[in-house]
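Me: Please take a close look at one chain in this model and how it sits against its neighbours. I would like a connected account that I can follow with the structure open.

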Amino acid sequence: MQTQRLLKIAAVTSAAALMLAACGGGSEDPASSAAAEGSAAASEAPASEAAAAPGGEAFAGPVGEGEGQVNILAWPGYVEDGSTDPAVDWTTPFEEATGCQVNLKTFGTSDEAVKLMQGGGWDVVSASGDATLRLIYGDNVQPVNTDLVPSYADIFDDLKMQKFNSVNGVPYGIPHGRGANLVMWNTDKVKEPIDSWAYTFEADSPYAGAVTAYDSPIFIADAAVYLMATQPDLGITDPYALDQTQFDAAMALLEQQKALVSEYWSDYTKAIQAFNSGTTAIGTSWQVIANLALAEGGKVEATKAKEGATGWSDTWMVAKDTPNINCAYKWLDWIVSPDTNAQVAEWFGEAPANAKSCELTADADHCSTYHAGDTAYWTDVYYWNTPTAQCLDGRTDTQCVPYSEWATAWSALRS
Amino acid sequence: MTTTTATPRGFGYRHPRFRLAALLSAPMAWLVVVYLGSLAALFLTAFWTVDDFTGQLVKTFTMKNFQQVFTNSAYLGTMLRTISIALLVTLLSLILALPLAFFMARVARVSWRPLLVAMVLTPLWASYLVKVYAWRSMLQPESGVLAWFLAPFGIQSPGYGFVGIVITLTYLWLPYMILPIYAGLTRLPDSMLDASSDLGAKGGRTFRSVIMPMVFPSIVAGSIFTFSLSLGDYITAQIVGGKIFMLGNIVQTTYVTNLPFAAAVATIPVMIVLAYLFAVRRSGALDNL
Amino acid sequence: MTLSRGTKVVLSIFAVIAFAFIYVPLGVILINSFSTDRSLTWPPSGFTTEWWGKAVENQGVRDALVTSLGVAAIATLVALVLGTLLAFALGRYRFFGRESLSLLVILPIALPGIVTGIALNNVFTSFLGGLTIYTLIIGHATFCIVVVYNNAIARIRRMGGSVEEASADLGANGWRTFVYVTFPLMRSALIAGAILAFGLSFDEIIVTTFTAGPGVTTLPIWIYQNLFRPNQAPIVNVVAAALVVFSVLPIYIAQRFSNADERGGGVI
């Protein structure tokens, strides 16, 4: 009697578990087979796939009546609707003008964005370069017909058709804005002007114990950028295309750096507070952090290091098979139109994508502070990209380390 | 004389087993199917892997994740560090809680007790996140409250890191340790203490031989919370931990790209807590939660 | 046992220090809510009531508060029903597996939140198709059940079965007994359990981040999102300070209703 009961309980539990486990993969199977094809193709020779771009055909247009709603995945600060600050709202005017109700979800990292997109239900996503390729090859987004986005014409040319937002001449999104990862220092602690990453990486740094770095696997590329200048015989040309030797060198540099680090940051209040209080003396930062730190009365300065830097340029992408295609395109045009783009760039703290936004910013110097139209500034800025086994710099004689291993290595480094 | 006899009418009354089943069915459905089932599904995922590029689950059985966790010295170090943090927090909470609970139960006036208990409970209502951020502000190496307080003694603030995490977690979980011990102490019958002194024991002896054994289950109950809550915490490490990682951080940073690996890491605190719960079952602590 | 005067003095001093330790960070929060700095640097460079004004007007805070209250209320309700059922089953009957079941019941609280969160997230995203406010409620109800169960079973054990037997002797059937005898005796334990469950759900962040659907913003989520934003961080302090001040009443009520000794006296 008692053994029977025990068996029953065991049976129920294992049945439940098995049922859940089996169903657990259910929704992913159709996508995974398509994705497996996509990734197999990607790892062999994307060039030969020129005929069939991932994600199918772009929407031919014309953009018609809105479907009534659009589901947006975005970085916090990109889609403001007045709830953060009543004066900051470019979403409500959009809803009023187009009738497309915006349902927003923000994410904290590119990895979250990818996972959310894979889950489905979203129409538009603002993806950084370390998410875009995964979305493209994972068959989660469709190519974008740039003719349907009138403001596209005014976007700075050096943002269009980059390695991370286009494949074989097919554009997959609309550029949003860009920023570089700067080296920032607390002028009370660091008495000399800085122009290099050296003090953040070299073991004999006078600021050991007070360095900061960005807390994400993509930061490995920053180590690679430094190695491009200090160890040219490694032969790194693209910090996101690292073969095993180059990758190991970058990880060794990061281990060396870890001993110097006081904190890694992924949110700006932490970084601002750390710099202003002197916990951190020098490290990686964004222009917006420098501006806010100064506004708080901190004594900091920031600049792009002479060895070059990584940066980010986000892309608005459209989900594959979205039912709200018209609203999606309306949003794309809205967000990069001169006025909105200016507002976003100022609120978030980045260089706008639309050249015409520069005349519309409240702060007349915004574009020059953020180097919006300064092409020369961006030549040694390596926008975040997704490392793939197929080397992004075009090398075919070797395999490069894919992002999943970047993530694993970073997790082990941090532990 | 009329007698009122019980007239059991209900089906349920005559069939206690049925009543039991009816009572149990809904909560069991919830706990077993939803909760246990999801834990089992997670555990199962730990034996799978993810495709490198697309991030989709690859459902072939492999021990790779567990191998990775247990052979990499970085992860082993984190495991050890997390366990030591949890143990230290428990110890520290105990050291702070025991005298305080004793004061509340035996020294303070009886009419003050509700007020004192309320004072212990109030911090629980301030948001967990904000309390941790307050500690971040307090632990700041040069300009924090601790630095200012310790400066006259020539000691520096511990800053962010291992010590910061231990202090903050102790602060957060202290009420969970104080209250069970306090309740245990108030339940102590005075007669027993009188008997002890009648037999010739002084205060210290009574404390060691009479009070402590009786309060022990409550202490263990409190320790379950401080230990398990510390074992899985990651937010505190992010905010006051400097560059330190705890097990929870590993899970949190890897679960999006590599769920199987995160699941494998997550099973570690689960196993530890389960082992601890089994070990303390006998001590009666579970009735004192 | 009489304590020596010296011991009493030492303990009293210790208690003062301990309470100071408990309340100083809360004081820091309060002070920061008046600080002019936006990024919580200490000491504050100036004082202002600006943030209190902004917090009251802030739509995001109000929506988050409403969501939190709603989620906590429903989760508590579900937990009341299920927790009480479970408490009766485990408190009044002996059956095989009772001990294991009582161990199982406390697991949602004993196991680390991140494990519960990820497990539920995995099941919800693969099996139910996605996260919504209902998945969040399910997540919260799961650990709220434990709190209600603990309170209920402590009271049930203390009640003993004789009152119910007496009621049956007088001719009442099961339902009548429950409504007129059992429930009134249990009421205060259930209220105490409900208040504690409500409080736990209200401040929960870890399981919440993993189970809340898109657009579902509870107060802890709002705080988590806004601690990151320079313009919002001080408002968060205001919210926290307000929470502490306004929670004194529920705590007092919970204290009146519960008899801490019988429950075991722990927080849950």
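Reply: What follows looks at chain B, its two interfaces, and then some salt bridges inside the chains.

The model is predicted, and local features are described only where pLDDT is at least 70. Start with the layout of chain B, which is divided into domain 1, residues 8-40, and domain 2, residues 74-288. Taken over C-alpha atoms, the centres of domain 1 of chain B and domain 2 of chain B are separated by 35 Å.

Now turn to the side of chain B that touches chain C. In this contact, chain B takes part with 93 residues and chain C with 88 residues. The size of an interface is often given as the accessible area lost when the parts come together. For chain B and chain C, that buried area is about 8,600 Å², and carbon and sulfur atoms give 77% of it. Helix α2 of chain B, residues 16-45, gives the most to this side, with 19 residues. Sorted by class, the side of chain B that touches chain C has 68 nonpolar, 19 polar and six charged residues. The count of salt bridges between chain B and chain C is zero. There are, however, seven residue pairs in polar contact across the interface of chain B and chain C, with both residues of each pair at pLDDT 80 or more.

The other interface to examine is the one with chain A. Here 43 residues of chain B are in contact with 45 residues of chain A. Chain B and chain A bury about 3,500 Å² between them, with 56% of that area on carbon and sulfur atoms. One salt bridge is found across the interface of chain B and chain A. To find it on screen, look for Arg136(B) and Glu263(A), whose side chains meet with N to O at 2.7 Å. Between chain B and chain A there are also seven residue pairs in polar contact, both residues being at pLDDT 80 or more. Several elements of chain B give two or more residues to the side that touches chain A: α2, α4 (73-107), α6 (128-139), α11 (235-240) and α12 (247-254). Of the elements of chain B, α2(B) gives the most to this side, with nine residues. By class, the side of chain B that touches chain A has 21 nonpolar, 14 polar and eight charged residues.

Next come the salt bridges inside single chains. Over all chains, the structure holds 14 salt bridges. Within chain B, Arg106(B) forms a salt bridge with Asp190(B), and the closest N and O atoms are 3.2 Å apart. Arg106(B) lies in helix α4 of chain B and Asp190(B) in helix α9 of chain B, residues 190-198, so the pair ties together parts that are 84 residues apart in sequence. Arg106(B) has 23% relative accessibility and so counts as partly exposed. Asp190(B), at 48% relative accessibility, also counts as partly exposed.

Chain A, the partner with the salt bridge to chain B, can be described in the same terms. Chain A has 15 helices and 15 strands. Of the 415 residues in chain A, 58% are buried. Among contacts in chain A between residues at least 6 apart in sequence, 74% join residues at least 24 apart.

Two salt bridges within chain A are worth finding on screen. In one of them, the side chains of Arg134(A) and Asp111(A) meet at 2.8 Å, N to O. Arg134(A) is in helix α5 of chain A (residues 129-137) and Asp111(A) is in helix α4 of chain A (residues 110-119), so this pair ties together parts that are 23 residues apart in sequence. Both Arg134(A) and Asp111(A) are buried.

In another, Asp243(A) forms a salt bridge with Arg395(A), with the closest N and O atoms 2.9 Å apart. Asp243(A) lies in the loop between α7 (220-230) and α8 (244-258) of chain A, and Arg395(A) in the loop between β15 (381-383) and α15 (403-414) of chain A, so the pair ties together parts that are 152 residues apart in sequence. Asp243(A) counts as buried because its relative accessibility is 13%. Asp243(A), Asp393(A) and Arg395(A) are linked in a network of salt bridges.

Methods
Residues are numbered from 1 along each chain as its sequence is written. Chains are lettered from A and ligands numbered from 1 in the order in which they are written. Side-chain values use heavy atoms; hydrogens and water are left out. Domain bounds come from an automatic or database domain assignment. Contact means heavy atoms within 4.5 Å. Buried area is the accessible area (1.4 Å probe) that two parts lose on being put together, summed over both. A salt bridge is a side-chain nitrogen of Lys or Arg within 4 Å of a carboxyl oxygen of Asp or Glu. A polar contact is a pair of N or O atoms within 3.5 Å; within protein, one must be able to donate a hydrogen and the other to accept it, and residues adjacent in sequence count only if both atoms are side-chain atoms. Helices (H or I, at least four residues) and strands (E, at least two) are DSSP runs, numbered from the N terminus. Ala, Val, Leu, Ile, Met, Phe, Trp, Tyr, Cys and Pro count as nonpolar, Asp, Glu, Lys and Arg as charged, and the others, Gly among them, as polar. Buried means under 20% relative accessible area, exposed over 50%, partly exposed in between (1.4 Å probe, protein chains only).
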